[in-house]
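Student: Could you take me through one part of this protein up close? I'd like to see how the aromatic side chains sit and what surrounds them.

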Amino acid sequence: LFAFSIKSDPNTGTSSVKGRVENSGSVSVADVTVMFELFDADNKTVGTASDFIANIEPNSDWAFNALSPVDGAVRAEFKSLKASGDLPPLPDPVKPE
């Protein structure tokens with residue numbers, strides 16, 4: 001999981017957490033879900049955002065776009081990365097941009 005950030009779309013008024021997950025392994029990873037906790041300007045939790053992809057091929061990456069279900073989210077914290085099978089350990093700490 002690389003750096004991520006909340007981006008707003010001025011055309012739709014929606015915001016989402018955008019970033020990238022890389023599969024640097026030698027086998028495909030299936031059923032990948034990334035999840036973030038969302039916070040408002042007062043640093044209060046306002047919800048979660050997640051995205052899913054069915055498969056990430058070896059030595060490739062996925063540009064995720066986890067749509068925020070609420071207005072007013074200004075910060076995101078990484079919550080989890082799940083997949084079918086074993087994942088290698090994530091670098092620590094995973095930080096927003």
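**A close look at the aromatic cluster**

Tutor: Let's start with Phe-36, which has 0% relative accessibility and so counts as buried. Keep in mind that this is a predicted model.

Phe-36 has company: together with Phe-4, Trp-62, Phe-64 and Phe-78, it forms one aromatic cluster. Searching the whole structure turns up four aromatic pairs. One of them is Phe-36 with Phe-78, an edge-to-face pair with 6.1 Å from centre to centre and 75 degrees between the planes. That pair links distant parts of the chain, as Phe-36 sits in strand β3 (residues 29–39) and Phe-78 in strand β6, 42 residues apart. As for cover, Phe-78 comes out as partly exposed because its relative accessibility is 23%, and the buried class ends at 20%.

Now zoom out a little to the nonpolar core. The largest one has 16 residues, and Phe-36 is among those with the most contacts inside it, alongside Val-17, Trp-62 and Phe-64. Strands β2, β3, β4 (45–56), β5 and β6 each put in at least two residues. The top contributor is β3, with five residues.

Val-17 is a handy place to see how this looks from another residue. Leaving aside residues up to four places away in sequence, Val-17 touches Phe-36, and also Phe-4 and Phe-64 from the aromatic cluster. Its other contacts on that count are Ser-5, Ile-6, Leu-38, Ala-49, Asn-65, Ala-66 and Ala-76.

Follow β6 for a moment, since Phe-78 sits there. The strand covers residues 75–84, and Ser-80 is in it too. Ser-80 is at 16% relative accessibility, so it counts as buried. Setting aside residues up to four places away in sequence, Ser-80 touches Thr-33, Val-34 and Met-35.

There are some charged side chains to look at as well. Arg-75 lies over the face of Phe-39, 4.1 Å from the ring centre. Arg-75 also meets Glu-77 in a salt bridge, at 2.8 Å from N to O. Both partners are partly exposed: Arg-75 has 28% relative accessibility, and Glu-77 has 35%.

The structure holds two salt bridges. Besides the one just described, Asp-61 pairs with Arg-20, and their closest N and O atoms are 2.5 Å apart. Asp-61 is in strand β5 (residues 60–67) and Arg-20 in strand β2 (residues 15–23), so this bridge ties together parts that lie 41 residues apart in sequence. Asp-61 is partly exposed at 39% relative accessible area, and Arg-20 falls in that class with 31%.

Finally, here's the setting for all of that. The protein chain has six strands and zero helices, so to speak β-β-β-β-β-β from the N terminus on. Of the contacts with a separation of 6 or more, 63% are between residues 24 or more positions apart. Of the 97 residues in the chain, 29% are buried. The accessible surface comes to about 5900 Å², and carbon and sulfur atoms account for 50% of that.

Notes: Residues numbered from 1 in each chain as written. Predicted model: local features only at pLDDT ≥ 70, side-chain atom pairs only at ≥ 80, totals over all residues. Heavy atoms only, no water. Helix = DSSP H or I, 4+ residues; strand = E, 2+ residues; numbered from the N terminus. Buried < 20%, exposed > 50% of the residue type's maximum accessible area, 1.4 Å probe, protein only. Contact = heavy atoms within 4.5 Å. Areas by Shrake-Rupley, 256 points an atom, 1.4 Å probe, with all protein chains shown as cover. Phe/Tyr/Trp six-rings, centres within 6.5 Å; stacked < 30°, edge-to-face > 60°. Lys NZ or Arg CZ within 6 Å of the ring centre and 35° of its normal. Salt bridge = Lys/Arg side-chain N within 4 Å of Asp/Glu carboxyl O. Core = buried A, V, L, I, M, F, W, Y, C linked by side-chain atoms within 4.5 Å.
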